Amino acid sequence: MENRINKIMKLSDNKNYYILKQAIYNNESYYTAVQVTDDMQHLTEEISLLHETKENDKIYLTQVKDPKMIQLLLKYMKVPEVTE
Amino acid sequence: MNTEKQLQDSNKLLKELMSRLNPGDSDEDKQKQEEIEEVKKSIEEYEDEIEKLKKKIDNKDNYKRHNDDLGQNTVIDEVLKETITKEIETIQTFIQQCRKGQETETKKLKEYNSNRETLDEEIKYIEQRLIKDELAKKSNIAKGIHLQQEEINNLRKEIDYRNNSIEKIDKVMELSAEKIRQYGQNITESYNRLTALKKREQNLVESSKEELINKEKSIDIYALRIDKDKLSKLEYVLKTLKNRLQVLMYNPYEEIKKQIAENEKVLSSNNELEEKQSNESVTLEKVEDKKEENSVEVDPSGVKEPKKEDVDLNLFINKLFQETEAPKATEKVEAEEKQVEHKLEHPDENIIKALRKNAEKLELLDVQAAPENLKKEKLSSMFINKWNNWTKKVTAATIELVYDVADKISGKKNELPEVEQSFKDNLNIDGDKEELYKVLKNEGEYTSVNLNDGEQVYIKYGDKQENVPEGVTVRYDGNDMYIYYSKVKGKNR
């Protein structure tokens, strides 16, 4: 179970996702991720919740669609307070 | 320049000397040469003539000798001999003159040769000087070229240096432009943040005002209701007490005695007194009726015979209040607050549609560390606001998907589902070095924490996020209060 916070994941849709938060539930990782621009210099507004699974030694990520699961994740992967 | 002038002067002088040295080059030299040639020719002519005359004389001598041999000696020979002798003398004189002239010319030639040697020397000297001058000139030119080359090199170096400076300036300008862009971005972000903060402040003020008004209203209504309840209870208590008092004070025998006495007095008086007596009897009946009424009111409620403690008004009131305790005002306010909290935004249709679609499974191709600027941007107020808005919209959409309309209106099921224990155990929210500090489970519990700046604060069960210091996060899960910290030092004391 790797810590992927503050890392960029490149997925098969050729998009790069920056991991904002990570939660582990039943030994599976869930992420709050945001797409980054192609030059990987800025964050976009495309935020999503991703669920990591492993099949045949390959890692897959799926958007979380279950509303209750989303609620649970959002409850615990809270948005940080503005500190600036 | 001086060298060139000297060179020109030297050339002129050299030309002059060359012209002098070359006989054919000047008229005077030609004339002298011609004269010398003429003298030479004259000398040769005279010498030829002398030779001829000598031969002639020799011939004549031979002839004389022959004649002498023959024995002939004549006067004619003598005259001829004299003439010839004179002529020979004349020729000899002429020859001497010619020789003198030749000597003179030879001397002149010698002088001329001497002059020529001198001139040759001068020419050599001038040539040497010219060569030296030329060499010096060449040397100077070479030096000049060298100096110019050095100057060119220096200029090139300076150009390179200036080019480097220009490049550096360009870089500095680029950096400055980047900084200016960053500053502009920061200003924009700050402005957006300020605008958002102002908006938030305004919203907070408005919501606070509204909340305050609602609270005041609810408190007023609640207080009024309590007052009314109290009043009705007091009225009821007063009424009961009055009844009890009347019951307690009622003594029928004394009343009858008094009445008989009065009746006796009244019987002896006039009709008016009789009427008066009849009125008093009505009152009595009423009192008796009242007694019955009291017994009807009190007994059905199960009130026993009055005891001493029942007579104590305060105790009685307290008892009544204990029996009919009203809900606490704070609970009501909290319930209202919960309702306000659950007033969600209108859910975003696009998010709902996206959530209804099947999830696409994407393969992870690569993982790499994010650049520092993304980490900074993540914590910027602008992005946090976007993130916050997204969270609200998604939450609203999930509620739209999970609960029906009636539930949403009542707010009954708007509370998030209970967290499973396994989730709590497994959950890792260490994204920003936030650690669980303590869990408070009951009303009245509190804990103290030491912040990094040395401040010690107390946090009690029930405190909300806006009331705890920066660096500490509180979350509620059902009844439990979780305290997280990121800037706390030391341990719970």
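**Note on a pocket and the strands around the A–B contact**

1. In the lining of the second largest pocket, the largest share comes from β4(A), which gives 6 residues; helices and strands here are DSSP runs, helices being H or I over at least four residues and strands E over at least two, numbered from the N terminus. The model is a predicted one, in which local features need pLDDT of at least 70 and side-chain atom pairs count only at pLDDT 80 or more, while totals for chains, interfaces and linings use all residues. Residues are numbered from 1 along each chain as its sequence is written, chains are lettered from A and ligands numbered from 1 in the order in which they are written, and side-chain values use heavy atoms, with hydrogens and water left out.

2. The second largest pocket holds about 840 Å³ of space and is lined by 29 residues, with Glu46(A), Ile47(A), Ser48(A), Gln63(A) and Trp390(B) nearest its centre. A pocket is an open set of points, on a 1 Å grid over the protein atoms alone, where a 1.4 Å probe fits and protein lies on both sides within 12 Å along at least five of seven lines, and lining residues have an atom within 4 Å of a point; the volume is the space filled by probe spheres set on the points, which are joined across faces, edges and corners.

3. Both chains contribute to this lining, since β4 (43–55) of chain A and α9 (349–356) and α11 (381–402) of chain B each supply at least two residues. By residue class the lining of the second largest pocket divides into 13 nonpolar, 6 polar and 10 charged.

4. Strand β4(A) pairs with β5 (residues 58–63) of chain A in the antiparallel sense over 6 bridges, where pairing requires that DSSP finds at least two bridges between the strands. Thr53(A) has Tyr60(A) as its bridge partner in β5(A), and the hairpin of β4(A) and β5(A) has 2 residues between the strands, with Asn56(A) in the turn at a positive phi of about 50 degrees.

5. Strand β5(A) also pairs across the chains, with β1 (residues 361–369) of chain B, in the antiparallel sense over 3 bridges, and there Tyr60(A) stands opposite Glu363(B). Strand β1(B) in turn pairs with β1(A) in the antiparallel sense over 5 bridges, Ile8(A) having Gln368(B) as its bridge partner.

6. Within chain A, β1(A) and β2 (residues 16–25) pair in the antiparallel sense over 3 bridges, and Met9(A) is partnered by Tyr17(A).

7. The contact, meaning heavy atoms within 4.5 Å, takes 61 residues from chain B and 57 residues from chain A. The two chains bury about 5800 Å² between them, 63% of it on carbon and sulfur atoms; this is the accessible area (1.4 Å probe) lost on putting the parts together, summed over both.

8. Between chain B and chain A there are 2 salt bridges, each a side-chain nitrogen of Lys or Arg within 4 Å of a carboxyl oxygen of Asp or Glu. Lys386(B) forms a salt bridge with Glu45(A), with the closest N and O atoms 3.7 Å apart.

Technical notes. Ala, Val, Leu, Ile, Met, Phe, Trp, Tyr, Cys and Pro count as nonpolar, Asp, Glu, Lys and Arg as charged, and the others, Gly among them, as polar.
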